[in-house]
Every structure is written in structure tokens, then in C-alpha cells.
Amino acid sequence: MAKRTSDLVVEVKDDNQLNLNALFGYLSKHVPNFPLSPSNFSISQFGHGQSNPTFLIKVNGTGTDTDSIKHYVLRKKPPGKLLQSAHAVDREFQVLKALGDHTQVPVPKTFCLCMDPTIIGTEFYIMEFLQGRIFIDPKLPGVAPQRRREIYRSTAKVLAALHSVNVDAIGLGKFGRRDNYCTRQIERWAKQYVASTAEGKPKSNPKMFHLIDWLRNNIPSEDSSGATSGIVHGDFRIDNVVFHPIEDRVIGILDWELSTLGNQMTDVAYSCMPYLVNLNTAKDELSEGLEVSGIPEGIPSQEEFLADYCSASGKPWPAAQWKFYVAFGLFRGASIYTGVYNRWLMGNASGGDRARVAGSHANGLIDTALAFITREFVLPVRPPSDYRAQSENERGTQGLLEQGGRFVPNQRVVELRNKLRKFMEDHIFPMEKEFNKLAHSSARWTIHPEEERLKELAKSEGLWNLFIPGYSLKTHVHFLQLESAARARELLFGGSDSGLSNNFLGAGLSNLEYGYLCEIMGRCGWAPQVFNCGAPDTGNMEVLLRYGNKEQQQEWLVPLLEGKIRSGFAMTEPQVASSDATNIECSIKRQGDSYIINGVKWWTSGAMDPRCKLLIVMGKTDFTAPKHKQQSMILVDINTPGIKIVRPLTVFGFDDAPHGHAEIVFDNVRVPAKNILLGEGRGFEIAQGRLGPGRLHHCMRLIGMAERAMQIMVERALSRKAFGKYIAQHGSFLSDMAKCRIELESTRLLVLEAADQLDRLGNKKARGILAMAKVAAPNMALKVIDMAMQVHGAAGVSSDIVLAHLWAGARTLRIADGPDEVHLGTIGKLELQRAKL
């Protein structure tokens with residue numbers, strides 16, 4: 001099984017204790033947005049692998065956000081006397097920063113480099129903490145076979161991506177010599193081996209010098225020419241990459257101590273070591289590699305792994321030189337392990353039990369190398385063509401989404417989508433008439449008793465809180481941000497998953513992945529609330545997930561996530577054009593330890609629901625501040641004295657009971673000051689964070705509404721005759737229906753692209769594509785629904801079928817969450833900016 005990166009930490013070892021006061025002072029000055037007066041500042045040490053001591057820094061926020069937690073990673077030189085040129089953390093920092101700033105190779109973001117050893121005793125640098133998984137055992141125990149294959153393929157692909165980097169273009173052209181890499185490396189590591197086994201140190205192994213002589217005499221000619229040169233990681237293996245918490249893709253490459261420029265095939269061979277020998281063991285003797293112990297089901301053979309790498313990188317098949325590169329990797333590993341063992345004897349190694357047995361492991365690597373070079377055949381002359389064809393076919397049909405280029409759902413999303421479709425067919429659509437009957441009765445402001453049963457059923461099937469984003473990616477660098485679900489898990493449960501009910505914090509889906517599911521829910525107006533994915537609750541929960549402190553989350557977020565209460569969002573006002581939020585007039589005035597709210601809101605969706613307990617109210621706390629710093633958001637219990645629900649509003653005659661859209665008066669409503677979100681003047685910032693995903697969810701549901709209308713329209717056209725033939729046989733119908741399908745599919749792709757950009761770039765950089773989707777989706781849905789209504793004739797505009805209600809909802813969404821004109825303005829301005837560039 002994988003280890004979570006956060007589970008790999010231990011208490012700081014005695015010989016690695018740091019001056020926390022000096023460190024805190026340095027970080028406060030050099031790390032952007034570092035909390036200046038944190039409520040907690042703690043450090044633990046990573047216990048796995050690295051020879052450069054590596055630490056996890058955990059910092060609690062300040063001010064009104066004391067429950068927010070930031071994580072950083074500190075990596076430093078080991079203490080004590082070190083071999084010359086070893087442990088150069090400044091070089092690690094240089095390569096990480098270049099890759100992070102200029103490529104899409106997944107690496108942690110760097111913050112600062114400190115070359116002043118007086119701060120904590122040695123040079124160090126600070127980088128981002130990646131919350132994900134590390135597979136320590138290359139056999140991947142406890143992992144399903146199909147996922148094992150994807151994990152190894154992802155490893156091969158990310159190495160190919162690294163090897164495809166143009167080092168000159170990113171400022172690493174002088175990071176090392178490109179020619180005669182293996183020649184120089186053999187001499188370097190031979191010298192290191194001798195230094196690590198000198199008098200008073202571990203005894204040398206005579207076999208090592210036989211191996212060195214063989215390597216010197218068998219260096220490939222391509223090494224001297226630099227034909228295979230480029231950036232080299234130097235220690236690339238599966239336990240030095242971080243995988244996404246739930247997806248089988250790499251989000252970060254770690255441990256760059258040995259990185260340089262040189263012969264990249266040495267990286268490839270070293271990554272294949274698990275096939276020959278198991279390096280990840282604390283036992284005295286090395287374990288057998290996969291080729292001897294047996295390759296677990298799903299893990300590709302060495303030849304298949306190499307085929308994946310060569311296919312992704314465009315490198316030639318390395319059969320002729322493979323014996324040398326593998327022997328070189330084993331030789332270098334033996335030298336490194338001898339050095340680790342030497343440092344362990346001196347008391348300054350950071351690898352624990354693995355450092356203790358490093359000496360015997362070094363001798364095992366030497367024996368393995370000598371046995372390997374005596375083999376007659378080590379690799380087929382050509383790659384396995386059948387496997388390569390199979391791999392390319394699967395990548396073309398299944399894996400494209402995970403690589404961020406094509407919109408084909410991965411297997412996990414396909415399974416969720418199939419389960420959701422079945423749920424809709426078995427439980428939602430059969431209840432539509434019953435729910436509609438209640439919504440038009442005198443008891444329409446009550447909840448249908450069947451709804452709670454359906455919610456419990458959805459929970460049991462893992463179809464609950466699917467909207468909660470599990471990760472976000474930034475431009476150029478694929479890395480995980482600790483936010484939303486992870487932030488709530490940290491605040492509410494100390495980072496643990498124990499005690500969490502099924503999908504309490506979602507399924508860890510990206511916005512793109514959720515899009516395929518949200519579309520299906522949109523085919524019925526009230527279906528999303530059955531899965532706890534209905535607006536405005538989703539937006540309000542996202543606000544609390546991202547910006548609520550621990551107390552606010554415990555009081556309001558937990559019951560919302562459990563589906564025990566519902567909520568409303570009070571922003572729009574009847575007296576001003578609320579599409580420009582700077583016009584808002586509702587006041588939120590501070591009085592002692594309270595805020596007093598006065599104002600009128602309308603179109604507060606969800607406020608009519610008898611389960612509604614929370615309102616998130618946007619108003620002005622300072623009418624004199626800069627116009628985007630006047631607004632604040634505050635949490636308000638709907639039962640607070642002074643709140644008066646005036647009336648339910650109707651949308652083309654639909655009051656959407658029992659959900660409803662309320663006009664509300666706030667008359668001297670007194671709310672505790674602790675209910676303010678983030679602090680005064682942060683309302684605009686919160687609104688922007690809320691509206692990006694919220695607008696996109698509307699677009700996704702609109703796709704579902706249009707698909708439902710298409711389905712109803714086709715069924716009608718195939719069953720009704722006019723003028724002697726079925727409607728479907730009329731040429732005008734076929735033409736118009738085809739145009740509807742074209743627009744629907746075009747809009748779906750636009751919405752999926754918007755979701756993908758939201759995941760990769762964030763709200764601000766994706767605002768253009770989000771605006772396009774928000775304009776296109778309701779207009780497309782209106783066209784499709786209008787045609788479906790036309791095909792139905794008089795029945796289409798009645799309440800006997802769902803089309804009229806779908807049309808009303810789609811028309812509303814040309815105004816809700818920003819009218820078309822606002823979004824068109826955004827698109828136009830961005831286009832002009834692009835033209836100026």
C-alpha cells in the first residue's frame with residue numbers, strides 16, 4: 001500500500017535539532033505570505049529515504065484565520081564533515097526553480113534558498129509540501145492490477161517528460177557538462193567509494209574494483225558525443241515520486257541531490273533497478289528483484305516499462321547498451337550506499353534502519369552487477385510490439401483525461417457515472433410525478449418524505465458530496481494545493497480519515513471529473529439535492545471549506561455536509577443593479593462583539609426551505625474603503641430576531657417549492673462578530689472564489705437539462721404523426737435536431753475545457769473560458785428546450801411535462817450568477833488584451 005506523505009514524518013532526531021527562533025525569523029522575512037504571528041509553529045522530520053535531512057514545517061494562521069494551516073518542507077545539508085561536492089542543496093534549489101517556473105514537469109514549488117549556515121547550522125531551502133502518496137514497495141501490495149499498470153506507466157511518462165526538457169531554454173544550460181558523463185561519473189563514484197572505505201572506515205570490497213574496471217572498458221560511444229545528454233535526475237525511482245492522493249498520476253518528483261546534465265539513459269536504467277533487486281528493505285540482505293521473485297499482476301515487465309518510456313520520450317530502444325547502463329546504476333548505488341553507511345557510523349545519516357544496513361546492501365549491489373554483466377542476453381533486440389500497440393490504444397481511449405488533453409473520463413469516473421445513471425433511472429425519474437404533485441399542492445412548502453430516504457440511499461452508494469474538489473493545479477507546475485476537503489480534514493479531524501463517514505468530504509474529484517456527474521444530476525431539477533450537490537448549498541459549503549475557521553466549520557459546515565440542514569446565499573438586492581456587487585447597500589456595522597445587519601435582499605434561493613438554517617449574507621462593513629474592500633460576508637442563523645421573510649418570488653410562475661426564492665428584510669439583526677468570514681473587507685475575494693465553481697456547476701447541469709430535452713423530443717418525434725408521417729420523418733425536424741446536437745456537443749466541450757482550466761489554472765486565469773461557458777450553456781439549452789417544446793405542441797408549454805420548468809430554469813441562468821452582458825464584457829476585454837500582446 002502507499003504511504004501518505006504526511007504519514008512519513010517522525011520526531012526530529014537529536015542530531016538534527018534546529019534553532020526554531022532563528023528559523024522562524026528567517027522564514028518570516030523570506031517566504032511569501034508566511035504567517036507572522038502564528039498560533040502554532042512546529043517541525044517534524046521525514047524518516048524515509050533522503051540523505052539530505054528533510055523536515056515538515058506546520059504553521060497555523062493568524063488573526064481571524066488561526067485555524068488555517070500552512071505546510072512547508074525544509075531540506076538541508078546533513079551536519080558534520082561531508083564528502084566534497086556532496087549534498088549541494090543550492091543545486092537542488094536551482095533545478096527545482098527552473099523546472100517549476102518554466103516547464104510542466106511536476107515538482108514542488110520553491111520559496112527561498114538560505115546559504116547562511118548560521119541560521120540553522122547548514123545551508124537549506126524551503127519548498128512546497130505535496131500532500132499525496134508515495135509507493136515505497138515497488139511491488140505495490142494492496143493495489144489493484146489495473147492501477148499498478150497505470151502507476152508504472154505514469155512513472156515512465158514523467159521521466160520521459162523530464163528528459164524532454166530543453167535545458168538551454170530554462171536557464172540550465174550550464175548546470176553540468178553534457179559529454180563524457182559516464183566516464184566522469186565512474187571516476188567520481190570510484191573516488192567517493194575509496195574515500196568512504198579509507199582507513200578507520202568500512203572495509204572496501206575488492207569486487208568493486210573489478211566492476212569499475214569493466215565499466216571503464218565498456219562505456220558506450222554515445223556517451224562521449226553527448227547524443228543522449230540532457231537533464232539527469234540521478235536518483236529516479238518510484239519511491240522518489242509523489243502520486244496524487246487518489247489518482248494514479250505523478251504530482252511531484254523529489255530528491256534532486258544528484259541532478260546534473262548528462263547521459264539520460266542512466267536515469268532510465270536506475271529506475272529499472274526493482275526488476276533486478278529490491279532496494280527498499282531494512283533487512284540485512286537485499287531482497288530479490290521482480291524478475292526473480294515474480295512480477296505481481298498488473299505491473300509491466302522491464303521491457304514493457306522501457307517501451308512506455310521510449311514511446312513517450314522518442315528515445316531509441318537501448319538494447320545494445322543496456323548491460324552497461326544497468327551495471328553503472330548498480331555500481332553507483334553501491335558507492336552511494338557505502339557513503340550512507342559511513343555517515344551512519346559517524347552518526348549523521350538520516351535514513352534510520354535503512355542506513356544501518358546500507359553497507360551490506362552495497363555489497364549486494366556489487367554482486368548483482370557482476371552477475372548481470374555475465375549474462376548473454378539482457379534485453380530483446382526490439383521492444384515488445386504487441387505491448388506497445390496495446391499501450392497506445394489504451395492511451396488513446398482511456399488515459400487521455402488523466403494527461404489533461406482529451407475529454408474521455410477515466411475508469412473511476414465511468415464507474416461513478418454508471419452508478420449515478422442507474423440511481424437516476426431507478427429512484428429519481430420514477431418519483432418526478434410525486435414530487436411535482438406535492439410542489440403544486442397546498443403542502444408544497446413541506447419536504448416529501450421520500451427525499452430523506454433517497455439521501456440516505458445516495459450516501460450508502462458513495463454518491464454524496466461529489467462536488468467537493470479534491471485538488472487544484474497551477475500553471476506550468478502540476479502540484480497539489482492543500483485546500484477544500486484537505487483543509488477541512490485538517491481542521492476538523494487533525495488530518496485523519498478515521499471516523500469519517502462515506503464521502504463525507506467528497507470523492508476527491510477534480511472539477512473536470514465532477515462535470516460528467518453533475519450533468520447527469522441536471523436532468524432533473526431536484527435531483528442534485530438528493531446527492532447533497534444542489535445550489536446554493538454547494539457554493540456555501542465551498543465557502544466554508546475554503547474560508548471558514550474551525551468553529552464556523554463545526555457549527556455550520558458539518559451539518560451541511562451531513563445533509564441535516566440547508567442554506568441560502570443573500571447577495572442580490574431589489575433597489576440596485578446587483579450584477580455590479582459594488583452597488584450593494586446592505587450594511588453590516590460593528591457594535592462591540594456583534595455586527596448589526598440592515599438591508600433588503602431578494603432572490604435568496606433556498607431560504608424558503610423549512611430545513612434552511614444558515615444564510616451567508618454579503619453587505620458593506622465600510623462604505624468609505626476602496627470599492628472592492630467595502631464588502632464582507634457573514635454567517636447568519638436564519639432564526640435570528642430581525643429577519644423577516646417577506647414572500648416567495650416566482651420564476652415565470654414557478655415558485656420552486658419547497659426550495660423557493662425569498663425576499664428577506666434584515667432589520668437590526670444582531671450577529672456575533674465571530675461569524676464574519678475571513679475578516680472585514682474580504683467579501684469580494686470570497687465571492688470570486690465561490691462563483692467560479694458555482695457558475696461552472698450551473699453550466700454542467702444545463703448540459704444535462706438539454707440532454708433531457710433532446711431525449712423527450714426524440715421520443716415524441718418517433719411516436720407522434722403529423723400530416724401522414726411521424727414527426728421524425730419530416731426533413732425540417734431532422735435538420736433542426738441535428739443543429740441542436742451540434743450545439744449541445746460543442747457547448748459540452750467548452751464546459752469541459754472550462755472545468756479543466758479551472759483545475760489547472762485557477763479562477764482568475766480561467767475567467768475567460770468560464771465566462772464563455774456561462775454564456776454558451778444557457779443559450780444552447782434554451783434553443784434545445786424550445787425545439788422540444790415546439791415538437792410537443794401545446795403540451796410543451798404546460799406543466800404536464802418537465803419542459804416548461806426546464807426552460808424557466810435555463811432562462812433564469814442567463815441572469816443568475818452574472819448576466820450574459822457581464823460575461824461578454826469579460827470575454828471582449830480579454831480578447832483586446834490578447835490582441836495588444
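1. How many bridges pair strand β16 with strand β17, and in which sense do the two strands run? Strand β16 (residues 587-591) and strand β17 (residues 594-605) are joined by five bridges in the antiparallel sense, where two strands are said to pair if DSSP finds at least two bridges between them. Helices (H or I, at least four residues) and strands (E, at least two) are DSSP runs, numbered from the N terminus.

2. The model is predicted, and local features need a pLDDT of at least 70, while side-chain atom pairs count only at pLDDT 80 or more and totals for chains, interfaces and linings use all residues. Residues are numbered from 1 along each chain as its sequence is written, and side-chain values use heavy atoms, with hydrogens and water left out.

3. On confidence, the protein chain averages a pLDDT of 88, with 91% of the residues scoring at least 70; pLDDT is the predictor's confidence in each residue, from 0 to 100. Among the elements of the chain, helix α13 (residues 385-397) has the lowest mean pLDDT, 43, and β21 the highest, 98. Over residues 386-405 the pLDDT is below 50, and beyond near neighbours in sequence this stretch has 35 contacts in the model, a contact being heavy atoms within 4.5 Å. Residues 471-482 likewise have a pLDDT below 50, with 52 contacts beyond near neighbours in sequence. Where pLDDT is low, the predicted coordinates should not be read in detail.

4. Returning to strands β16 and β17, the bridge partner of Ile588 in β17 is Ile597. The two strands form a hairpin with two residues between them, and Gly592 in the turn has a positive phi of about 60 degrees. Strand β17 is also joined, by nine antiparallel bridges, to strand β21 (residues 661-672), where Phe666 is the bridge partner of Gly599.

5. A further sheet is open and has six strands in the order β2-β3-β4-β5-β7-β6, with antiparallel pairing. Its edges are β2 (9-10) and β6 (110-114), each with a single partner strand, so one side of each is left without a neighbour in the sheet. Within this sheet, five bridges join β5 (residues 69-76) to β7 (residues 124-128) in antiparallel fashion, and Val73 has Met127 in β7 as its bridge partner. Helix α1 (residues 20-30) packs on the sheet, touching β3 (41-46), β4 (54-60), β5, β6 and β7, and its direction makes about 100 degrees with that of β3. Helix α2 (residues 89-102) lies across β5, β6 and β7 and runs at about 155 degrees to β6.

6. Helix α24 (residues 767-792) packs with helix α26 (residues 820-836) at an angle of about 140 degrees, with their axes 9 Å apart; axes are lines fitted to C-alpha atoms, for helices over the stretch in contact, and angles run from 0 to 180 degrees between N-to-C directions. The residues that meet include Ala771, Met772 and Val775 in α24 and Leu824, Ile827 and Leu830 in α26. By class, this contact has six nonpolar, five polar and three charged residues, where Ala, Val, Leu, Ile, Met, Phe, Trp, Tyr, Cys and Pro count as nonpolar, Asp, Glu, Lys and Arg as charged, and the others, Gly among them, as polar.

7. Helix α5 (residues 206-216) and helix α10 (residues 322-346) pack at about 145 degrees, with their axes 10 Å apart. Met208, Leu211, Ile212, Trp214 and Leu215 in α5 meet residues of α10 including Phe324, Phe328 and Phe331, and by class the contact has 10 nonpolar, one polar and one charged residues.
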